[in-house]
Amino acid sequence: MTFPTAARCIKPALLAFVLLASTMFPAFAIAAEVAGTRPNIVFLLCDDMGYAEPGFNGGNPELTPQMDRLAREGMQLRQFYAQPVCAPTRASFLTGRYAFRTWSDWRSEDFGKPSYLAKLNLALAKNERGEETRRIHGLDTEERTIAEALRDAGYFTAITGKWHCGEWLPEHLPMGQGFLHQYGHYAWGIDYNNYTIPHNAPARYAVFDWHRNQEPLFEQGYSTDLMANEAVRLIAEQKSDRPFFIYVPFNAVHGPIEEVPRYTDQYPAREAALKCLDDAIGRVVAAVDQYGFRENTLVIFGNDNGGLTDEMNRPWRGTKNTTYEGGVRVPFVLRWPGKIEAGSINNEMMHITDLFPTFVTLAGAEPDQERPLDGIDMTETLFSGAKSPREEIIFEVTASVRLPTIRSGRYKLMGDMLYDIEADPGERTDIAAEHPEVVKRLKARLEEVGRERPPLGEKTLLMDPPLPWVYGQKENENAPEWIKRHVEKVRETQPKFWPPGETPWPQAPEGATILYKGDGR
């Protein structure tokens with residue numbers, strides 16, 4: 001059975017109406033003109049940047065001149081929401097569905113961390129040799145991804161950067177999920193210079209994680225620069241007779257931040273890394289312009305979740321891994337010359353899932369699919385100034401890592417706390433006691449939606465070996481000697497002892513908050 005998305009994607013009858021209406025009501029004109037025009041799409045997604053860090057949101061403009069230029073040339077979305085952490089945002093974008101529907105509110109590495117497993121009443125798994133290891137977890141392969149939708153509509157699809165939707169089985173990797181070209185790393189975060197992930201929870205030592213088209217790749221350079229290099233190369237190779245979708249999810253400015261190649265004589269390491277990210281964004285956008293794609297390319301720049309401290313996310317409260325505004329309201333900019341007014345601001349509520357049906361509409365791709373979307377087509381909101389059709393966002397439900405949270409109209413319920421986001425966007429005053437009827441209604445709604453979560457299943461597939469040389473099951477089976485030498489050299493520098501109760505990774509959040517130390521790795 002298929003579920004039509006007529007309310008979300010412009011279908012022929014609705015499109016005919018919009019075209020007719022555009023002759024009578026100019027507000028409809030732009031949305032009708034862009035639907036089905038098959039623009040190129042370049043989506044630049046950064047990692048762990050705070051809301052207040054770009055200059056256009058009050059940050060130091062010396063660090064982000066390219067981001068600020070993009071904001072001047074495009075439209076800022078002031079009420080755009082992602083998910084509280086990396087993987088749920090990426091899965092929500094790729095599927096157009098809330099992360100809980102695919103259990104992507106749990107990251108793959110969480111299934112190797114005892115404090116996270118305890119929330120599911122699960123113990124750390126052991127293989128047949130008695131070795132502790134993680135349970136395999138990745139984006140459900142039965143999901144239709146935006147890469148698959150655009151590929152099937154004739155687009156060239158590529159990812160150059162961080163995947164974080166499964167790092168082991170071939171079907172969980174990008175080329176098993178609709179991408180025709182892959183470059184970058186699979187898991188949560190790498191050292192920017194040696195391309196190893198610092199730990200493979202529960203194992204506490206490094207794993208190599210750098211690939212092109214799902215083969216291990218030896219390179220030299222800073223990962224932020226390399227991701228931009230690959231995107232620029234791909235853009236330069238494109239032809240005007242085939243549209244392209246290039247997804248560039250940088251790992252910057254996620255930890256670990258060790259050696260940064262530029263600007264450390266002027267700024268602390270994290271600020272230098274942010275400025276390197278800004279350089280990379282500028283280079284990719286310049287390539288779009290240089291190679292003649294400016295007028296027919298929608299360039300999008302955003303962030304996957306909030307920064308690590310409240311100060312990074314001002315004026316909002318909260319951090320990454322929380323559902324406070326500081327954890328989920330993120331900077332977001334779109335540029336499409338002639339279709340989006342330069343320097344404009346949009347204050348309508350949108351969610352990362354909305355990109356899927358919006359891209360489908362713009363690309364003229366097939367809107368119907370087996371599993372219904374949570375995303376809503378925002379074509380008219382973005383291109384005609386219409387009010388957002390979105391009235392609620394489900395951030396987390398029961399059995400999520402974080403507190404069950406819903407935004408409904410002006411109200412947000414987080415666990416037992418209620419905030420009026422319109423009157424109190426900084427979430428300083430819990431008004432649950434004054435509005436018990438709102439609390440009751442929103443809790444009932446969360447329970448209703450939460451019942452739609454599918455069973456987790458037994459999770460009997462285990463990563464074997466528990467500490468591979470390189471991510472990707474097939475890649476590890478034939479790991480070349482250069483990878484083994486490289487990884488052994490990195491592992492020799494890592495701590496061999498951890499005090500009881502301490503781990504190389506942060507523990508699971510308790511309640512509404514989490515405390516990050518250092519670079520949040």
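This report describes selected helices, strands and loops of a predicted model.

## Basis of the description

Residues are numbered from 1 along each chain as its sequence is written, and side-chain values use heavy atoms, with hydrogens and water left out. Because the model is predicted, local features need pLDDT of at least 70 and side-chain atom pairs count only at pLDDT 80 or more, while totals for chains, interfaces and linings use all residues. Helices (H or I, at least four residues) and strands (E, at least two) are DSSP runs, numbered from the N terminus.

## The ten-stranded sheet

An open sheet of 10 strands follows the order S11-S10-S7-S6-S12-S1-S13-S14-S2-S15, with mixed pairing; two strands pair if DSSP finds at least two bridges between them. Strand S11 (215–216) and strand S15 (344–346) stand at the edges with a single partner strand each, so one side of each has no neighbour in the sheet. Helix H8 packs on this sheet and touches S1, S13 and strand S14 (332–335), where touching, or contact, means heavy atoms within 4.5 Å. The direction of H8 makes about 175° with that of S1; such angles run from 0 to 180 degrees between N-to-C directions, and axes are lines fitted to C-alpha atoms, for helices over the stretch in contact.

Within the sheet, strand S1 (residues 40–46) and S13 run parallel and are joined by 7 bridges. Val42 has Val299 in S13 as its bridge partner.

## Helix H8 and its contact with H3

H8 has 22 residues and spans 31 Å from its first C-alpha to its last, close to the 32 Å expected at 1.5 Å a residue. The expected span is 1.5 Å times one less than the number of residues. Just after H8, Gly292 takes a positive phi of about 85°.

Helix H3 (residues 65–73) packs against H8 (residues 269–290) at an angle of about 45°, with the axes 7 Å apart. The two helices are therefore oblique to each other; angles under 35 degrees count as roughly parallel, over 145 as roughly antiparallel, 65 to 115 as roughly perpendicular and the rest as oblique. Pro65, Gln66, Met67 and Leu70 in H3 meet residues of H8 including Leu274, Leu277, Ile281 and Val285.

## Buried elements

All 10 of the 10 residues in helix H4 (residues 86–95) are buried, meaning under 20% relative accessible area, with exposed over 50% and partly exposed in between (1.4 Å probe, protein chains only). Among the elements that cover H4 are S1, helix H6 (146–152) and helix H10 (355–363). Gly96, just after H4, has a positive phi of about 70°.

Strand S20 (residues 417–420) is covered on both faces, with Met417 and Tyr419 buried on one side and Leu418 and Asp420 on the other. Strand S19 (residues 411–414) runs antiparallel to S20, joined by 4 bridges, and the two form a hairpin with 2 residues between them. Leu413 stands opposite Leu418.

## Loops and unusual backbone geometry

Most residues other than glycine have a negative phi, and most peptide bonds are trans. Arg38 has a positive phi near 60° and is partly exposed, with a relative accessible area of 30%. Tyr195 also has a positive phi, about 65°, but is buried at 2% relative accessible area. Cis peptide bonds join Ala201 and Pro202, and Ala252 and Val253; in each case omega is about 10°.

Thr319 lies in the loop between strand S13 (297–303) and helix H9 (325–328). Thr319 is buried, with a relative accessible area of 5%, and its contacts beyond four places in sequence include Asp310, Asn313, Ile514 and Tyr516.
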